[in-house]
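Here are some short exercises to work through with the model open beside you. Try each task before reading its solution.

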Amino acid sequence: MANRNVEPDKITRQKEPVTIPRFTGSDLPPLGRLVIQFTPPIAIIALIVMVLSKPDGVAAVIFDMRTYVTGGFTWLFILYSLFAVAVCAWLVFSKIGKQVRLGGPGAKPEYSNFAWYSMLFACGQGIGLIFWSVAQPIMLRDASPVIQSLEGNVAGGGLVWAYFHWGFTAWAMYCVVAVCLAYSHHNLGKSLTFREATVDILPRWAQGGAGVVVELLAIMATILGLSTSFAFAAMQFTAGLTSFTGLASSPTIWLFVIVGLGTAAAISAFFGISRGMRLISETNSILSVVLVVAAFIFGPTLFIISNITQTFGSYFTNFIPMSFWTDAPSTAEPLASWQQSWNGWWTVFIWCWVIAFSPFVAGFIARISRGRTLREFVIGVTVIPSLIVMVWIGVLGSAAIYYDDRSGRGISAAVNDNVASGLFAMLESIPIVGSLLLVVATVLVATYYVTSLDAGTYALADFVSAPKRAGAWFRVVLVISIGAVATILLTLGGSGVVDTVQTGTIIGAFPFSIVILLMIINTIRRLLNRDRSTKQLERAVNNPDPDVELRVSGEGDVQAVPSGGMEPGVGLR
């Protein structure tokens, strides 16, 4: 029987477990935080004003910058992509990949494999695949380097390059950035920011200023990337509506679409990952399966099977030549225009796109991947999505080539007229279910972008508010802000202005690639130097016991101590 004579002050109240991972990083000084919070909106407003007031002049400058980057640094982007693949391979086949678990040795995955794959795929490439799965195979069907000299089926070259550009290498570039952020956050207790994953490789005197610059680049890339993608998603969604309703595209329709998609994204961001984004991402996956399976069954099934078999083989055969291809003869003379370079249109453009989108894609992937070993993480983020991408492109792209031949290049004409309409032109050609698939594809444009925007707001909230955890309403405000930028670009400037700003954002990938390389090298250093004390730190950072506190010295050394057992003068950071 319980003792009723226990004095109230003798009763021990059980403490609530602490939030893990525990924070061991460093906050920005007040001046640095002000710079982080106010510089990006001021710079973005100034950029928009410049583009809207002098669109031709700004477009010419950006054109010249793109020519400079393409002509002088194609080799850098090629080597960067190869380095990303090499790092991912090292993590899969080394002991480190098997031994290191995100969140410490006892961590468990927060999401099922289906939910995890759905969310990382939706935030990474869902909307890009809808846009390019038909357009790229059609645009490259008559001429594609490396492949055309090795394959009798010239039209398959476009499919093979699409596999390459949207498959394993692109996902390896996302993955290697996500690994850096995930290990820094889940295992070392740093904030989920590029700053804290990068700057400790630099001298101490340079870390403060460098951290502010790194974070500014990440925030700017995220805001501009999401805003311009929002505008293009609105145009593609409108193209889908036009395909089955006849509704003409106009700035008013774009505005309604932006408001609608923005509202859906705001609701999802408010309810959080588990209830909001997870549900929409799983819906995306189901609808995507419906779209691809229906196109396979009701489309030219035999041709699709044969073409996928042949182009898959070509992809694996030519993966290394494509990975190293820099078009060296084009560098014999300075480029007058990036348009003279095939890589300028494709590989450099897409690798810059991936780098520019790495801040929010990798940041979100890192957030949802706690509990998985580095080996499981790399395989899950590269191999599985790559296979999905290749099947997706193989089915839809093969069907597009088949119907393009049967319609006297009708699909090609639609793509030349409007790149965003290529998928819908192909789906219209599928008998029996074509009209239904138009609706499914249009819905997917909306839901895939909602998940991308949702993922972006989570990453952006971390960049802006770290080390504090941003609230739901703050994420809603970020969605509204990004929607406002997209509205200004699209309704006031039109698609030409959107394209200019997007190209400028991609050019920004050039300096940001240097930041990412430093971060990757820093993470490799951290993993190679992982010793007994580091493993103890990982356990302490992920210890939910409220009776244990972390003691952080002025030099950044961390030690777990019983609650109340800290030495005078040592505080928690």
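**Exercise 1.** Decide whether F298 is buried, partly exposed or exposed.

*Solution.* Start with the scale: buried is under 20% relative accessible area, exposed is over 50%, and partly exposed lies in between (1.4 Å probe, protein chains only). F298 has 35% relative accessibility, so this residue counts as partly exposed. Next, place F298 in helix α10; helices are DSSP runs of H or I with at least four residues, numbered from the N terminus.

A word on the source: this is a predicted model, where local features need pLDDT of at least 70 and side-chain atom pairs count only at pLDDT 80 or more, while totals for chains, interfaces and linings use all residues. Residues are numbered from 1 along each chain as its sequence is written, and side-chain values use heavy atoms, leaving out hydrogens and water.

**Exercise 2.** Find where A264 lies and which class of exposure it has.

*Solution.* First, locate A264 in helix α10, which covers residues 251-298. Then read its relative accessible area of 31%, which means A264 is partly exposed. Finally, look across to T447: 183 residues separate the two along the chain, yet their C-alpha atoms are 8.7 Å apart.

**Exercise 3.** Describe the surroundings of S513 in helix α19.

*Solution.* Begin with the helix, which spans residues 509-528. S513 has a relative accessible area of 3%, so it is buried. Now check contacts (heavy atoms within 4.5 Å): beyond neighbours within four places in sequence, S513 touches L76 and I355. Lastly, a polar atom of the S513 side chain sits 2.5 Å from the backbone oxygen of F510.

Conventions
Helices (H or I, at least four residues) and strands (E, at least two) are DSSP runs, numbered from the N terminus. A polar contact is a pair of N or O atoms within 3.5 Å; within protein, one must be able to donate a hydrogen and the other to accept it, and residues adjacent in sequence count only if both atoms are side-chain atoms.
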